[in-house]
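Student: I should like to study one part of this structure closely rather than survey the whole. Would you please choose a suitable part and describe how it is connected to its surroundings?

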Amino acid sequence: MMRKAQVLLFVLFFLLILGVLVSALAVMWRADIQTRISEREALQAFYLAQAGVAQGKIWARYNPMGPFPYDSGWVTLGTGRYRFTVDTVMGNLRNIQVTGQVLDSMGQPSAERRITVEVDINTSAPGDEVQQPWTWREI
């Protein structure tokens, strides 16, 4: 009888330890999944901001006289949106500020990235805009 009680206590203790380990792993997995989702959304927001930079360059090239500052308003793309503003720095230099956002199911931003870049639009052909060295900044 004493032997059966010892085995029962051992099994209960083993199950207790196993339960603690499984619950700890579940918490770690949940945190890992949330981190991966946040990283994916941040990358999507960065890509949306890059799309805004491209659109800002196009706008600056085809509207060299302004009006400045120009605000595009929110442009929806997939599950996110971007917004760019173009302002003149001097001469043919334009400052483009872009915000890219990923939206959740309620339409609220879940990730956001901002980029600022200066572009020289004094080129011979559209699409050949020259980005000024060292001006690309993710804010």
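Tutor: Asp71 stands opposite Thr85 in strand 3, and strand 3, comprising residues 80–90, will be our subject. The model is predicted, so local features are described only at pLDDT of at least 70 and side-chain atom pairs only at pLDDT 80 or more, whereas totals for chains, interfaces and linings use all residues. Residues are numbered from 1 along each chain as its sequence is written, and side-chain values rest on heavy atoms, with hydrogens and water left out.

Let us first place the strand in the chain. The protein chain contains one helix and seven strands, arranged along the sequence as α-β-β-β-β-β-β-β. Here helices (H or I, at least four residues) and strands (E, at least two residues) are DSSP runs, numbered from the N terminus.

Next come the pairings of strand 3; two strands are said to pair if DSSP finds at least two bridges between them. Strand 1, residues 70–71, pairs with strand 3 in the antiparallel sense over two bridges. Strand 2, residues 75–77, is also an antiparallel partner of strand 3, with three bridges. Within that pairing, Thr76 has Arg81 of strand 3 as its bridge partner. Strand 2 and strand 3 form a hairpin with two residues between the strands, and Gly78 in this hairpin takes a positive phi near 65°.

Strand 4, residues 93–103, pairs with strand 3 over ten bridges, again in the antiparallel sense. Two positions show how these strands are aligned: Arg83 stands opposite Thr99, and Met90 stands opposite Leu93. This pair of strands also makes a hairpin with two residues between them, and Gly91 in the turn has a positive phi of about 55°.

The arrangement continues beyond strand 4. Strand 5, residues 109–120, pairs with strand 4 in the antiparallel sense over eleven bridges; Asn95, for instance, stands opposite Glu118 in strand 5. The hairpin of strand 4 and strand 5 has five residues between them, and Gly107 in the turn has a positive phi of about 85°.

We may now turn to the side chains. In a regular strand, side chains alternate between the two faces of the sheet. Consider Arg83, whose side chain meets that of Asp71 in a salt bridge with an N to O distance of 3.0 Å. Asp71 belongs to strand 1 and Arg83 to strand 3, so the pair ties together parts that are twelve residues apart in sequence. A salt bridge requires a side-chain nitrogen of Lys or Arg within 4 Å of a carboxyl oxygen of Asp or Glu, and the structure holds three of them. Arg83 counts as partly exposed because its relative accessibility is 29%, and Asp71 is partly exposed at 38%. The classes are buried (under 20% relative accessible area), exposed (over 50%) and partly exposed in between, with a 1.4 Å probe and protein chains only.

Phe84 leads us to the interior. Leaving aside neighbours within four places in sequence, Phe84 is in contact with ten residues named here: Gly52, Gln55, Gly56, Trp59, Tyr70, Asp71, Ser72, Ile96, Gln97 and Val98. Contact means heavy atoms within 4.5 Å.

Phe84 is also prominent in the largest nonpolar core: of its 14 residues, Phe84, Val86, Ile96 and Val98 touch the most other members. The elements that give two or more residues to this core are helix 1, strand 3, strand 4 and strand 5. Helix 1, residues 2–62, supplies the largest share, five residues. A nonpolar core is a set of buried Ala, Val, Leu, Ile, Met, Phe, Trp, Tyr and Cys residues joined through side-chain atoms within 4.5 Å. In soluble globular proteins, nonpolar side chains tend to be buried together.

The burial of strand 4 completes this view, as eight of its eleven residues are buried. Across the protein chain, buried residues make up 27% of the 139 residues. Among contacts with a separation of 6 or more, residues 24 or more positions apart account for 44%.

In summary, strand 3 pairs with strand 1, strand 2 and strand 4, and its residue Arg83 forms a salt bridge with Asp71.
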